[in-house]
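Please open the model in your viewer with the backbone drawn as a cartoon, and keep the selection panel at hand. The stops below go from one local feature outward to its surroundings, and then to a second region.

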Amino acid sequence: MKNDSNKKESPEDPVLSRRKFIRNCVRGAVGLSAVGVGVYSLGFEPHSVSIEHQTLYLKNLPDVWRGRKIAQVSDIHISRVVSPDFINRAFERMNREKPDAVFFTGDYVISWKFDEFMEKLSQSMKKIECSLGSAGKIAVPGNHDYWTSWDIVSQKLVNGGFSTPVNQVIPLTLEGETILIACCDDLWCGRIEIKKLLSGVDTENRPVILLSHNPDIFDNVELKGRTISVLSGHSHGGQVCLPFIGAPITPTRYVRGFFRDGNTTMYVNRGLGSIPPPVRFNCPPEITIFTLEKC
Ligand SMILES: [Fe+2]
């Protein structure tokens, strides 16, 4: 039997060796990129709020309201991950924008220890400033608030200085001139009464903003043909928005930004918090500052 131990190893083909090196480099780069994207999506972007400035055009807006600012905050989902510190910093940035009114469009909690976290949110909310004071601080419910307890959540919102009208129209008045804020219940869990809510409201001649957590309200037949501006949330912008593809997972087709159907417009806010998995990519947390303008 021949002894192979004396056999000399043939030197590796230099072309194959180079290919192997390049392949390993590519694998390494892809691996590092994936780790980088993971760290960014988990550790950085969800904690970096973006203040989005938009113009909200309203028909028959009284002159005194032109140039006034409304802040919208949605889907706070306060939790161990969406921390009270992060929310305090976000509210401080919102205060620096000097809004006249602040609207919350639902989903303040996730289920885990929601009442404890809601108490912390309530404390943070007391630091929110707007020129209209308590009259300008309005909050409507979202599905998560019903899935936990709207009774408890709404009480904490009230303790934080906000009113929580549901299926009511609230007048906001500046120097004797009024705009109307129609406060809608949650589409999934509440009572939707758009017809009743808007009965007696002359949407052709009065500026009306409708607050609805769920943007699918835009399809409600009672809104068709009305001149009304809807502010909504719920989608979180998908939380992950891939280049060229968009958001692969969303609970609605109205994912982010402005939509129009005739004279009805809607803005969908990307949300301030996130739900598990608490990642955001190309979809930072948002506070919207609307400057009101006449159209
Ligand atoms: Fe949400």
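Begin by selecting β9 and β10, which form a hairpin with two residues between them, where strands (E, at least two residues), like helices (H or I, at least four residues), are DSSP runs numbered from the N terminus. In the turn, pick G262, whose phi is positive, at about 65°. What you are viewing is a predicted model, in which local features need pLDDT of at least 70 and side-chain atom pairs count only at pLDDT 80 or more, while totals for chains, interfaces and linings use all residues. Residue numbers start from 1 along each chain as its sequence is written.

Staying with the hairpin, note that β9 and β10 pair in the antiparallel sense over five bridges, two strands being paired if DSSP finds at least two bridges between them. Select F259 and you will find its bridge partner in β10, M266.

Next, add β8 (residues 228–232), which pairs with β10 (residues 264–268) in the parallel sense, also over five bridges. Here L231 stands opposite Y267 of β10, and S232 has V268 as its bridge partner.

Now widen the selection to the open sheet of six strands, whose order is β5-β6-β7-β8-β10-β9 and whose pairing is mixed. Which strands stand at the edges of this sheet? They are β5 (168–174) and β9 (257–261), each with a single partner strand, so one side of each is left without a neighbour in the sheet. From one strand to the next, the twist averages 25°.

For the second region, select helix α2 (residues 84–96) together with helix α3 (residues 114–125), which pack at an angle of about 20° with their axes 10 Å apart; axes are lines fitted to C-alpha atoms, for helices over the stretch in contact, and angles run from 0 to 180 degrees between N-to-C directions. That angle makes α2 roughly parallel to α3, a term for angles under 35 degrees.

To see the interface itself, show P84, I87, N88 and F91 of α2, which meet K120, L121 and S124 of α3, contact requiring C-beta atoms, placed from the backbone, to lie within 7 Å.

Finally, zoom out to the whole protein, which has six helices and eleven strands. Of its 295 residues, 40% count as buried, meaning that 20 or more other C-beta atoms lie within 10 Å of the residue's own.

Key. Parallel < 35°, antiparallel > 145°, perpendicular 65-115°, else oblique. Contact = placed C-beta atoms within 7 Å. Buried ≥ 20, exposed ≤ 12 C-beta atoms within 10 Å, placed from the backbone.
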